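Here are a few exercises to work through with the model open beside you. Try each one yourself before you read the solution.

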Amino acid sequence: MDEHTLRVLEFEKVLSLLAAETAFSVGRELAREVRPATEYREALKLQAETAEMRLLDHLGIDVPFAGAKDIRPLIHAGAIGQVLDPPDLVDAAQTLRTAWRAKQVIERVRARVPSLGEIADGVSDFRRFSDAVDEAITARGEVADSASPELGTTRRELRIAQDRLEQRAQSALAEAIRRGIAQEGLLTERNGRKVIPIKADHKGSLAGIVHDVSSSGATVFIEPMAVVEAGNQVRELQLAEGREVRKVLQRLTGLLGGREDEAQWSVLALGRLDLLHAKSRLARKLKADLPPPGDGSSWLKDSGATVIKRGRHPLLRGEVVPTDFAVGGGYAGVLITGPNTGGKTVALKTFGLLTLMAQAGLPVPCDDGSQMVVYPRIFADIGDEQSIEQSLSTFSSHMRNVRGILERAEPGTLVLLDELGAGTDPTEGAALARAILEGLLERGCTLVATTHHGELKAFAHNDPRLRNANVEFDVETLSPTYHLTIGLPGQSNAIAIARRLGLDEGVLERAQEQLSPEHFEMEQLLAEIREERVAAAEARRRAEVARKESEELRLALAVRRDRIEQERAAIFEQAHREAEDEVAGVRRELDGLKRKSGRLASDTQSAADTLKEMDASLARLGAKAKPARRDAPLPITVRELEPGDTVHVRDIPQSGEALSGIGEDGRVEVQFGGLRMKVSVDRIDRVETKQPEARVALPVPAARPFVPVELDLRGQRAEEALNVFDRYIDDAFQAGLPFVRIIHGKGTGALRAAIREALTGHPLVRKFESGEANQGGEGVTVAVLAG
């Protein structure tokens with residue numbers, strides 16, 4: 001990729017934002033080295049990796065990077081025979097352990113993130129090395145006594161020898177104090193030996209070895225002969241301890257250095273994962289919709305039109321006005337016109353920078369629905385690069401860059417030109433600019449250019465390969481709006497701006513006299529067209545608002561209808577239970593009377609009359625126990641159905657033809673035009689039989705239990721919650737609920753992600769969305785059921 005293009009489009013500043021999101025230095029180093037791909041397959045691979053990391057983030061899966069450091073120099077040092085210090089070994093063990101944990105996290109979901117799985121394959125298993133370091137080195141960074149049997153034995157002997165030396169030295173000090181030759185009552189050390197400070201006048205009074213003399217000469221530091229041998233033993237054991245410690249460190253270093261290539265690849269793989277994690281974090285910070293989680297390809301094309309919806313320049317701060325932009329496909333170039341400080345260059349740089357980011361595998365700050373194209377070559381000439389040292393004017397610097405672009409431009413090249421034809425005579429500049437545009441179009445380039453030349457507006461209007469565009473400018477406030485409109489050339493507004501700035505009215509009138517009437521007519525026409533477009537955009541916005549309000553009202557009415565249906569079903573259920581209780585009571589009374597009539601043979605006629613009366617009451621109560629719903633989906637007492645019958649199913653406006661009888665699952669296969677589906681018996685409102693004389697009795701299933709419109713899964717593990725969720729969705733669909741509310745809470749977002757993943761593509765769910773802000777927001781998912 002052309003380095004000049006990267007510099008003028010400020011791609012390095014985007015990489016600085018990316019590097020700031022990394023977790024350790026290897027990731028930062030890789031972030032600084034990111035470059036846009038020049039081939040479609042390479043760009044596709046980069047975006048697939050970024051999309052998969054965004055998917056992990058969306059699912060609430062964290063890849064660990066805690067404790068990771070750049071240990072590559074340590075690995076190489078160990079490989080060439082250097083012995084690593086305990087702190088270095090601890091850093092290496094921690095980093096390689098983190099890399100292994102990151103690999104294990106990705107392996108659990110490898111089927112969904114295959115590209116990340118390939119990166120994780122570069123991580124090797126160094127658990128033996130990490131465990132050995134943990135056992136041999138303490139939390140304070142010291143080699144533990146248990147690191148080797150020899151070291152443990154040596155240190156035990158050393159402690160005994162040190163105690164013996166301390167006792168003998170204290171005894172010698174006490175004797176020196178008693179004799180009055182000690183300068184002070186404290187033991188000290190010189191050259192690692194225990195010594196007693198003796199007054200210089202009495203140095204001959206204590207047999208021993210002089211190790212030091214004070215600066216004043218008044219004190220002599222003597223090691224008494226009584227402790228020399230003990231001191232020698234301590235020193236020998238200290239040297240032995242050092243040799244054993246070195247052996248331990250050599251052994252641990254060998255475990256690392258002996259697998260240099262594997263260790264280096266493991267660190268690099270962890271760095272690549274850190275880079276992708278930084279891209280995902282940057283996407284959240286920039287509120288970028290591309291790439292969508294798990295989708296790195298549907299929006300990235302190798303040819304066609306680039307369509308950017310609500311693109312935002314990633315380096316702008318504050319309230320950034322989004323830009324809609326389209327080029328390619330039906331036309332090869334866009335010519336942006338308008339006044340100075342109107343935002344033309346910002347629009348040009350936004351388009352160029354977002355294209356570079358897409359080809360580099362970076363998140364693109366624009367809305368979903370955008371489409372990016374991969375260009376093998378991108379050239380840009382932006383800004384004033386005049387040079388006093390090289391005797392280059394503004395015009396000369398532009399022409400030098402344009403010459404280089406023309407020499408290297410090929411089909412498929414994207415060319416960005418700022419202020420084309422500026423810095424020289426307007427007439428010659430316009431002619432030169434037109435020739436440059438024609439030359440680039442003939443070479444098959446896609447181009448975006450900005451200019452002030454009015455002649456180029458007409459050229460772009462008449463050439464089908466080009467489209468005019470303008471950046472709107474508010475004449476009242478003398479400030480740009482940064483709204484880009486494709487299809488209309490820009491107005492210079494020079495005289496209007498000058499009038500707002502207070503220029504003499506006489507001067508302005510003379511200037512207007514120099515302009516042709518056609519110029520004023522064109523400016524007026526452009527203003528009217530622009531006003532009409534604004535009005536149309538506002539009408540579209542209002543229509544969208546009305547559509548959303550209508551959808552919200554529909555959902556609210558569905559909730560209300562569902563609540564009424566549930567209350568109605570509860571009333572019928574209560575009446576049914578009460579009637580069944582009365583029937584049971586009458587039956588008990590009837591049975592008693594029958595037994596009584598058997599015993600009272602003399603009054604048989606009275607008993608018979610009583611039995612007839614009771615039978616009639618029982619029939620009335622039986623009918624009362626099973627009331628039929630007039631228009632709701634309560635089950636009918638008996639239905640008959642056979643293949644070929646016409647059935648009317650609730651909530652489906654079209655009648656269907658039964659293809660089968662009643663299955664064991666209580667469902668019937670029905671053909672609705674070109675659609676075939678199985679329908680539960682209790683959703684069939686009416687049956688029109690084809691042959692009344694050959695019917696199949698359709699028993700009604702028992703009254704189904706009440707299904708609530710809400711399911712609360714808070715506090716449950718994802719696997720347990722999904723099992724409950726699956727059964728609930730089936731029950732809710734069978735119950736005819738139009739929608740359900742699933743309460744999963746906010747928390748870490750893992751349960752919400754699992755539920756929404758299960759809802760995606762579910763055959764019984766038409767769509768789903770987050771709850772309203774006053775009804776739980778992101779802690780609730782509302783799913784609209786099919787049917």
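Buried means under 20% relative accessible area, exposed means over 50%, and partly exposed is whatever falls in between (1.4 Å probe, protein chains only). This is a predicted model, where local features need pLDDT of at least 70 and side-chain atom pairs count only at pLDDT 80 or more, while totals for chains, interfaces and linings use all residues. Residues are numbered from 1 along each chain as its sequence is written, and side-chain values use heavy atoms, leaving out hydrogens and water.

**Exercise 1.** Find the partners in the salt bridge between K285 and E21, and work out where each one sits and whether it is buried or exposed.

*Solution.* Start with the term: a salt bridge is a side-chain nitrogen of Lys or Arg within 4 Å of a carboxyl oxygen of Asp or Glu. For K285 and E21, the N to O distance is 2.5 Å. Next, place them: K285 is in helix 11 (residues 260-286), and E21 is in the loop between helix 2 (11-19) and helix 3 (25-32). Helices here are DSSP runs (H or I, at least four residues), numbered from the N terminus. The two residues are 264 apart, so to speak, linking distant parts of the chain. Last, check accessibility: K285 counts as exposed at 57%, whereas E21 is buried at 8%.

**Exercise 2.** Which parts of the chain does the salt bridge of R272 with E49 tie together?

*Solution.* First, the closest N and O atoms of R272 and E49 are 3.5 Å apart. R272 belongs to helix 11 and E49 to helix 4 (residues 40-58), so the bridge joins parts 223 residues apart in sequence. Then look at the surface: R272 is partly exposed, at 33%, and E49 is buried, at 5%.

**Exercise 3.** How many residues separate E175 and R178?

*Solution.* They are 3 residues apart in helix 9 (residues 149-179), about one helical turn. Their side chains form a salt bridge of 2.4 Å, N to O. E175 is partly exposed at 34% relative accessibility, and R178 is exposed at 61%.

**Exercise 4.** Which residues of helix 6 meet helix 10?

*Solution.* Locate helix 6 at residues 86-108 and helix 10 at residues 225-257. Now list the contacts (heavy atoms within 4.5 Å): P86, L89, A92 and L96 in helix 6 meet L249, L252, T253 and L256 in helix 10.

Note on methods
Axes fitted to C-alpha atoms, helices over the stretch in contact; angles between N-to-C directions.
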